[in-house]
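Work through the exercises below with the sequence and the model open. Try each task before reading its solution.

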Amino acid sequence: MANGATVGEVQRSVPGRFIAFIVRWTTATNHKDIGTLYLCTALLNLFIGGTLALCIRAELFVPGLQFVEPNFFNTLTTMHGLVMLFGFIMPVAVGFANWLIPMMIGAPDMALPRLNNMSFWLLPTATILLISTLFMDGGAPNFGWTMYAPLSTTYGPPSTDYMIFAVHMLGISSIMGSINIITTIATMRAPGMTWMKLPVFVWTWLVTAFLLIGIMPVLAGAVTMMLFDRNFGTAFFDAAGGGDPLLFQHIFWFFGHPEVYVLALPAFGIVSQIIPTFSRKPLFGYRTMVMATVLIGFLSYIVWAHHMFTSGMPYGAQLYFMLATMLIAVPTGMKVFNWITTMFRGSISFETPMLFAIAFVFMFTFAGCTGVMLAVAPADFQYHDSYFVVAHFHYVLVNGLTFAFLGGAYYWYPKFWGRMYSERLGRWHFWLSAVSVNVLFFPQHFLGLAGMPRRIPDYALQFVDFNFISSLGAFVFGFSQLIFVYNLITSRRRGEPASDRVWEGAQGLEWTLSSPPPHHSFQTPPKVD
């Protein structure tokens, strides 16, 4: 070695440790490291997408154009939606899946570890490409996260082609990850762990993986046709060339509505783990929870056109999609009933994960009620493209799913890192978030009912008060997430060491609270005759 240094001395030097760090995390194939990479990437994208959202709310604080011009405002809404959907919500769910599924089914790792590594690294590559469009000539895509044609195909900036490539990579990543999850669950369960003894979290991810394999190729087809319309003279979505603009909406929403349950089902699984633990009771109605999960996955494929009631579809089609949309509320209601019944007469303790889980149940149920309002076709004509719709899906994605994922982060933090988080900071984070997120999104229902359209950078004076309140809540909610990050980082180094039974009286037998116990106990060695 140079200057007589040994191999060990080089490895212990600062450059050596840095190189070892890079090699470990870029070539990692074990499920825990890859799960950590997913979660860290999701957290970073949460703050990127959240910053874009705060820019939107800063512009809408008061009427008039203060900070951005209308075209860039459209860019902000587009990039915020795409980054939050593909860069935060989906990766955080996959991160929990990578960490927990092998441990929950008694497997040593994921079935296809190298595929797991590749599926992750496509994610930050695609996300960087997507965000880089903000700095390209002509600006980033400005036609909304739904990418409606012909606006995206005829008038989209040159950077749209890069966005299409990024979406393709994100789809490939999701499909590879789903294949890995299905293979792991199907082939690597511990002896005695039958299908009806899987934890609910594993069941929700099994259905989610099948949904992803079914819908991501559909999205890939839609953006590929966009690419051809933009560059190769085709007219899939151009009425002047014999195409049909509504074809894009049908294809996109055939992906888009199951995608909602791709995001929701893992959150359902997390809450189904947390509530039994802190209620000190087994999950009520395990089999009905499993059947409801499968039924949600099936019904999610047949309700896509409720996003298109105003597009001129026949009355018969409107009636069908209205009834089908209301039908999908039934299995979701079954889950809510089972969660509440699990808590009923339980010995409940209100640690931070339980607070987030209860908040999820309350706010997701409220979002479901406004979803039923939107499912009524005649009423949807009044709500469509108004802030009522914005309030509804943010109550689903932020007040609901994000709270579930935050609860999961606190719940499994001791298992991930071997240390306890600060309960005091966790409670501060919860209460600030719970209050501010409702201050942020609840007034938007009234804005929508009063007629304020979405995706506008300026508005009439009658909308001033509710927009001011909403923007105030946005900044409090955004900055309250810094408490979460501070808590995670400081607890990693200074938190109390976690015991074998972190959640008193429950954590040691966590799997028995969310599914029937398998024949083999993973807590005590089997008896030998």
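Asp 33 counts as buried, at 9% relative accessibility. The model is a predicted one. Keep this residue in mind for the opening exercise.

**Exercise 1.** Find the side chain that meets Asp 33 in a salt bridge, and state whether that partner is buried or partly exposed.

Solution.
- Step 1: Look for the contact. Arg 24 and Asp 33 form a salt bridge, with 2.9 Å from N to O.
- Step 2: Check the cut-off. A salt bridge needs the nitrogen within 4 Å of the carboxyl oxygen.
- Step 3: Classify the partner. Arg 24 has 45% relative accessibility and is partly exposed.

**Exercise 2.** Work out which parts of the chain the salt bridge between Asp 385 and Arg 454 ties together.

Solution.
- Step 1: Take the distance. The closest N and O atoms of Asp 385 and Arg 454 are 2.9 Å apart.
- Step 2: Place both residues. Asp 385 is in the loop between α13 and α14, and Arg 454 is in the loop between α15 and α16, so the pair links parts 69 residues apart in sequence.
- Step 3: Add exposure. Asp 385 is partly exposed at 37%, while Arg 454 is buried at 17%.

**Exercise 3.** Describe the backbone of the loop between α5 and α6 at Met 147 and Pro 150.

Solution.
- Step 1: Start with Met 147. Its phi is near 60°, a positive value in a residue other than glycine.
- Step 2: Check burial. Met 147 is buried, with a relative accessible area of 1%.
- Step 3: Move to Pro 150. A cis peptide bond joins Ala 149 to Pro 150, with omega about 5°.

Notes
Residues are numbered from 1 along each chain as its sequence is written. This is a predicted model: local features need pLDDT of at least 70, side-chain atom pairs count only at pLDDT 80 or more; totals for chains, interfaces and linings use all residues. Side-chain values use heavy atoms; hydrogens and water are left out. Buried means under 20% relative accessible area, exposed over 50%, partly exposed in between (1.4 Å probe, protein chains only). Helices (H or I, at least four residues) and strands (E, at least two) are DSSP runs, numbered from the N terminus.
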